[in-house]
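Here is a walk through one protein chain, from its annotated domains down to a few odd backbone spots. Keep the structure open while you read.

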Amino acid sequence: MANQGLSYEGCNFLRQRLVLSTLSGKRVRIKNIRSKDDDPGLRDFEASFIRLLDKVTNGSRIEINQTGTVLSYQPGLLYGGSIEHDCNPQRSIGYYLEALLMLAPFMKMALKATLRGVTNDPNDPTIDMLKTTAVPLMKKFGIDGEGFDLRVVKRGMAPGGGGEVIFTCPIRRTLKPVQLTEPGKIKRIRGVAYSVRVSPQMSNRIVESTRAVLNQFIPDIYIYTDHMKGANSGKSPGFGLTLVAETQDGCFLSAEMSSTPQGQGDPILPEDLGRNCAKLLLEEIYRGGCVDSSNQSLALLLMTLGQQDVSKVLLGPLSAYTIEFLRHIRDFFQVMFKIEVQKPLEDERKGGDKVLMTCVGVGYSNINKTIK
């Protein structure tokens, strides 16, 4: 089986498969990619993602048939270094960055990636969200240092894009196991309301309506307004909000919303956006756990790759994406998680059912990093 690699069908979970293939060094072949569609094969944003993988690795072999319905990927070594990539505007930079976050610690050279495209859209996690949730999560696994940073240079809303983001990440020889089992109570809420190419008043209106909902629960709320002008505001108008709730034990739960892209669907009022986003945050807090639903798979991957020791993380209900990710981890790394459902006690008001995930890391070590 080892030389055959793994094979899958269909276009779903393409990123998961390619990222895990790159980390495990196992070949992967994906067939029947939208083969029944009028427009079969890989989409432009997927091809762009594959090119990005090619840029950060050395010696990857990628074969795609003429119609784009079959993809073979033989991963090379993770190289890193300084790269620039123009992300396809069909998906936001967050789509590409989620994968880079998973790969960056294991490069040969520390990664400095300049990504251009859409920074905020309704479908993918925005840069603001990854910065406030994914980055602190990675720090818990021992990925930190001065070079660990995610910075928005220019904002670019969908559909036009024109944003720019710089992501730098140091390399690590090994990851440390974690025990994240007590989320603790929410102690404060922070957020960013951003607006580009619309009146700066939009951000203030968002903040006001958000506070109207959240002030009923907690006094310590601070929402920054970020209004970028001129060349830094990208090509399309829009506004949005990212909210993050921090617990006493340093866990972060987030929610976000962006305005409807220009020319697509019904426009949304900033007041409604603020209110709805606040409700989304409350729902995320109800789901609870030590990691919010958008970062479940990142946490599980870092647990899998940790030293040969037990890691435990308490999560809210698993998303469909996460469940598929667990299947892939089993395929690529032969790691099975122990899953225990914990029901909250009636009087505790701790929200929905939680899931305690336990695994023993594979002791993955960065083969590129020579020991001095």
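## Annotated domains

A word on the UniProt labels before using them: the positions follow the numbering used here, the feature names are shortened, and an annotation may be inferred rather than shown by experiment. Also bear in mind that this is a predicted model.

With that said, the unreviewed UniProt entry puts "domain: RNA 3'-terminal phosphate cyclase" at residues 8-339. Over residues 8-339, helix makes up 31% of the chain and strand 28%, and the C-alpha atoms at the two ends are 25 Å apart. The unreviewed entry also carries "domain: RNA 3'-terminal phosphate cyclase insert", covering residues 181-285. For residues 181-285 the figures are 29% helix and 34% strand, with 15 Å between the end C-alpha atoms.

## Strands and how they pair

Let's start with the open sheet. Four strands make it up, in the order 11-16-18-17, and their pairing is mixed. Strand 11 (179-180) and strand 17 (338-342) are the edge strands; each has a single partner strand, so one side of each has no neighbour in the sheet. Strand 17 pairs with strand 18 (residues 354-360) in the antiparallel sense, over five bridges. If you want a spot to click on, Gln342 has Lys354 of strand 18 as its bridge partner.

Elsewhere, strand 7 (residues 80-86) and strand 8 (residues 109-117) run parallel and are joined by six bridges. Asp86 is bridged to Arg116 in strand 8. Put helix 3 together with strands 7 and 8 and you get a right-handed β-α-β unit.

## The second largest pocket

How much space lies in the second largest pocket? About 780 Å³. Its lining has 33 residues, and Asn123, Asp124, Pro125, Met129 and Ser294 are the ones nearest the centre. Two or more lining residues come from each of helix 1 (14-24), helix 2 (44-56), helix 3 (93-103), strand 15 (252-258), helix 6 (270-287) and helix 8 (320-333).

Strand 15 provides the largest share of this pocket's lining, five residues. By class, the pocket lining splits into 12 nonpolar, 10 polar and 11 charged residues.

## Two cavities

Searching the whole structure turns up two cavities of 30 Å³ or more. The largest cavity holds about 130 Å³ of space. It is lined by 15 residues, with Glu98, Ala99, Met102, Ser297 and Tyr321 nearest its centre. Helix 1, helix 3, helix 4 (127-140), helix 7 (296-304) and helix 8 each put at least two residues into that lining. Helix 3 gives the most, with four residues. The lining of the largest cavity counts nine nonpolar, four polar and two charged residues.

The second largest cavity has about 70 Å³ of space. Thr133, Leu137, Lys140, Leu180, Phe252, Cys290, Val291, Asp292 and Asn295 line it. Here helix 4 gives the most, with three residues. The lining of the second largest cavity has five nonpolar, two polar and two charged residues.

## Loops worth a look

Most residues other than glycine have a negative phi, and most peptide bonds are trans. Against that background, a few loop positions are worth zooming in on. The peptide bond from Ala158 to Pro159 is cis, with omega near -5 degrees. Pro159 is in the loop between strand 9 (149-154) and strand 10 (163-169). Asn32 isn't a glycine, yet its phi is positive, about 55 degrees; you'll find Asn32 in the loop between strand 2 (28-31) and helix 2. Arg197 isn't a glycine either, and has a positive phi of about 55 degrees; Arg197 lies in the loop between strand 12 (186-196) and helix 5.

How do these loop residues stand for exposure? Asn32 has a relative accessible area of 35%, so it counts as partly exposed. Arg197, at 48%, is partly exposed too. And is Ile218, in the loop between helix 5 (201-214) and strand 13 (221-228), buried or exposed? Ile218 is buried, because its relative accessible area is 9% and the cut-off for buried is under 20%. For a sense of distance, the C-alpha atoms of Ile218 and Tyr364 are 42 Å apart, with 146 residues separating them along the chain.

Definitions and conventions
Residues are numbered from 1 along each chain as its sequence is written. This is a predicted model: local features need pLDDT of at least 70, side-chain atom pairs count only at pLDDT 80 or more; totals for chains, interfaces and linings use all residues. Side-chain values use heavy atoms; hydrogens and water are left out. Two strands pair if DSSP finds at least two bridges between them. On a 1 Å grid over the protein atoms alone, a cavity is a set of points where a 1.4 Å probe fits but cannot get out, and a pocket is an open set with protein on both sides within 12 Å along at least five of seven lines; lining residues have an atom within 4 Å of a point. Grid points are joined across faces, edges and corners, and a volume is the space filled by probe spheres set on the points. Ala, Val, Leu, Ile, Met, Phe, Trp, Tyr, Cys and Pro count as nonpolar, Asp, Glu, Lys and Arg as charged, and the others, Gly among them, as polar. A crossover is right-handed if, with the strands pointing away from the viewer, the path from the first strand over the helix to the second runs clockwise. Buried means under 20% relative accessible area, exposed over 50%, partly exposed in between (1.4 Å probe, protein chains only).
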